[in-house]
Amino acid sequence: MRARLNMATILLGAGLLGLLALLARGTRIDLAVYRLGGGAFLHGLPLYDQIMPGTGLPFTYPPFAALLFGPLAVLPKPVAQLIWAVTLLACLATLTRQVLAVARTGLRTSRPLPLAVLAAGVLATEPIRSNLAYGQINIPLMLLIIIDLRRRSGPLPAGILIGIAGAVKLTPLIFIPYLLCTGRRRDAGWAALSFSACSALAALATPTDSARFWTRLALDPSHVGGVAYAGNQSLAGVATRLAGHAIHDETWFRLVTLSTAAAGIGLAAAATRRHEPLLGWTVCGITGLLVSPISWTHHWLWALPALAWLAGPARPRGGRLAALGGFALLVLAPMWWLPYEHNREYSWHGWQLLIGNSYTIAAVLFLLTVLGHLLFSRPAVVSTAVDGTIPDQPAGPLMRPAADQIVAGRAAGSAERTALAHPEPNPPSSTTTLS
């Protein structure tokens, strides 16, 4: 047994070193774009006129992101890529530990063998593979959000990290209305304030670029990339491929987007009121991916905590089977099996439409599963406040009059703040789980 554990430790360490060496070589395309923006900021060049040689990719992020990546822009490319690879892997390990702590899966990651299996499984999924291969920033941003939602931000008021994440990439801003709907109004205020402060700082440093971004580019998803591209697994991407032309500016689709956002946030708040915070956060994150005009496959990190919930102790009926299917989908990423680029997505038909839009379809099915879970299953009884859960409170029915929902949401938010700020000592386990 000891020899087996030692071998697992050696293999895990060797795999990590090999992965770091691999990520330091070649070109991490998105990191190169970040460094392009950071370099443009440092040299006073027009931020959104810069094109990365060899790929034609522009810098598409809010101006505050360019300020953050200025330091990496001055380093040699291999050094910058190595630093970024270490950062991504450290953030991924921390993020995984945070999610598992809230999910209460019982997985013993302190032992080398389970840790190696978990690492292999996480690294095998396409969103993680592509984030590491491209040098994307999604993993650190999701970690900021989870830390904030769990109130683990140290001396910083909860909400500030969400605002910072939103200033780097706009999608995290969906968590501000979620905080409001769950009674965490102060946290929502801090998130809005930190987002505004970061954006204002960028505006002072790059006034022309900021004005251009917030008045033109932020409203035009085509500046990020082709909406119809296979990698875009948002509702806009699916609808564009089905319609055969851009639809994001059409009134009917805006109504669909707003309705989906409202329903998703409401579902997330309902899950939180049921003392299932990880489920609430995951529903909110997936809703943000659906309603964002562009949600590349490497943005779909919120699918991983969805798998943790489906396989965890509060899982719905058939949850483990659904988690296995979801894991297979994330590993296979079948949308890349089809013809893509140069608008070939418009030629998809029949079964191609199913696998080509598979992330979006799976996300909608997941939200419907959550709705059924909240409507027809009994609320979990929570015995203590640990890692994002809430102490015992009488759990009312899901569907209440609007005024009662607001009061309940504020009460749940207050209880969650108290529980997370002052967790009780661990008592003997008496948590009731759902099969």
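**Asking for the reasons behind the labels**

Visitor: Why does Asp187 count as buried?

Guide: In this predicted model, Asp187 has a relative accessibility of 3%, and since the label is given to residues under 20%, Asp187 counts as buried.

Visitor: What makes the contact between the side chains of Asp187 and Arg151 a salt bridge?

Guide: The N to O distance between Asp187 and Arg151 is 2.6 Å, and the criterion asks for a side-chain nitrogen of Lys or Arg within 4 Å of a carboxyl oxygen of Asp or Glu, so the pair qualifies as a salt bridge. Asp187 belongs to helix H11 (residues 185-205), whereas Arg151 sits in the loop between helix H8 (138-149) and helix H9 (160-168), so the salt bridge ties together parts that are 36 residues apart in sequence.

Visitor: Why does Arg151 count as partly exposed?

Guide: Its relative accessibility is 22%, and the label covers the range between the limit of 20% for buried and that of 50% for exposed, so Arg151 counts as partly exposed.

Visitor: Which residues are joined into one network by salt bridges that share partners?

Guide: The network consists of Arg151, Arg184 and Asp187. Arg184 forms a salt bridge with Asp187, with the closest N and O atoms 2.7 Å apart, and both of these residues are buried.

Visitor: How many salt bridges does a search of the whole structure find, and what makes Asp49 and Arg212 a pair that links distant parts of the chain?

Guide: The search finds five salt bridges. One that is described here joins Asp49 to Arg212, whose closest N and O atoms are 2.8 Å apart. Asp49 is placed in the loop between helix H2 (29-42) and helix H3 (63-68), while Arg212 is in helix H12 (residues 207-215), and the two are 163 residues apart. Asp49 counts as partly exposed at 46% relative accessibility, and Arg212 is also partly exposed at 24%, because both values fall between 20% and 50%.

Visitor: How do you know that the span of helix H19 (residues 358-376) agrees with what it should be?

Guide: The expected span is 1.5 Å times one less than the number of residues, so the 19 residues of H19 should span 27 Å, and the end C-alpha atoms are 27 Å apart, which agrees.

Visitor: Which residues of H19 are buried, and what does H19 give to the nonpolar patch?

Guide: The buried residues of H19 include Phe366, Leu367, Val370 and Leu374. H19 also gives the most to the nonpolar patch, with seven residues. This surface patch is formed by Leu354, Ile361, Val364, Leu365, Leu368, Leu371, Leu375 and Phe376, with about 760 Å² of accessible area together.

Visitor: Why is Leu354 called exposed?

Guide: Leu354, which is in helix H18 (residues 351-356), has a relative accessible area of 56%, and exposed means over 50%, so the label applies.

Visitor: Why is Val238 called buried, and which residues does it touch?

Guide: The relative accessible area of Val238 is 15%, so it falls under the limit of 20% and is called buried. Val238 is in helix H13 (residues 235-243) and touches Asn357 and Thr360, not counting residues up to four places away in sequence. Thr360 is itself one of the buried residues in H19.

Visitor: Which residues have the most contacts inside the largest nonpolar core?

Guide: They are Phe175, Ile286, Trp302 and Phe366, in a core of 106 residues. The largest share of this core, 12 residues, comes from helix H5 (residues 77-103). Leaving aside residues up to four places away in sequence, the residues that Phe175 touches include Ile145, Leu149, Trp281 and Trp302.

Visitor: Why does His342 count as exposed and Glu341 as partly exposed?

Guide: His342 has 73% relative accessibility and is exposed because that is over 50%, whereas Glu341, at 38%, lies between the two limits and so counts as partly exposed. Glu341 lies in the loop between helix H17 (319-332) and H18, as does His342. Phi is near 75 degrees for Glu341 and near 55 degrees for His342, in each case a positive value in a residue other than glycine.

How values were computed
Residues numbered from 1 in each chain as written. Predicted model: local features only at pLDDT ≥ 70, side-chain atom pairs only at ≥ 80, totals over all residues. Heavy atoms only, no water. Helix = DSSP H or I, 4+ residues; strand = E, 2+ residues; numbered from the N terminus. Buried < 20%, exposed > 50% of the residue type's maximum accessible area, 1.4 Å probe, protein only. Core = buried A, V, L, I, M, F, W, Y, C linked by side-chain atoms within 4.5 Å. Contact = heavy atoms within 4.5 Å. Patch = residues over 30% accessible without salt bridge, like charges linked within 9 Å, V, L, I, M, F, W, Y side chains within 5 Å. Areas by Shrake-Rupley, 256 points an atom, 1.4 Å probe, with all protein chains shown as cover.
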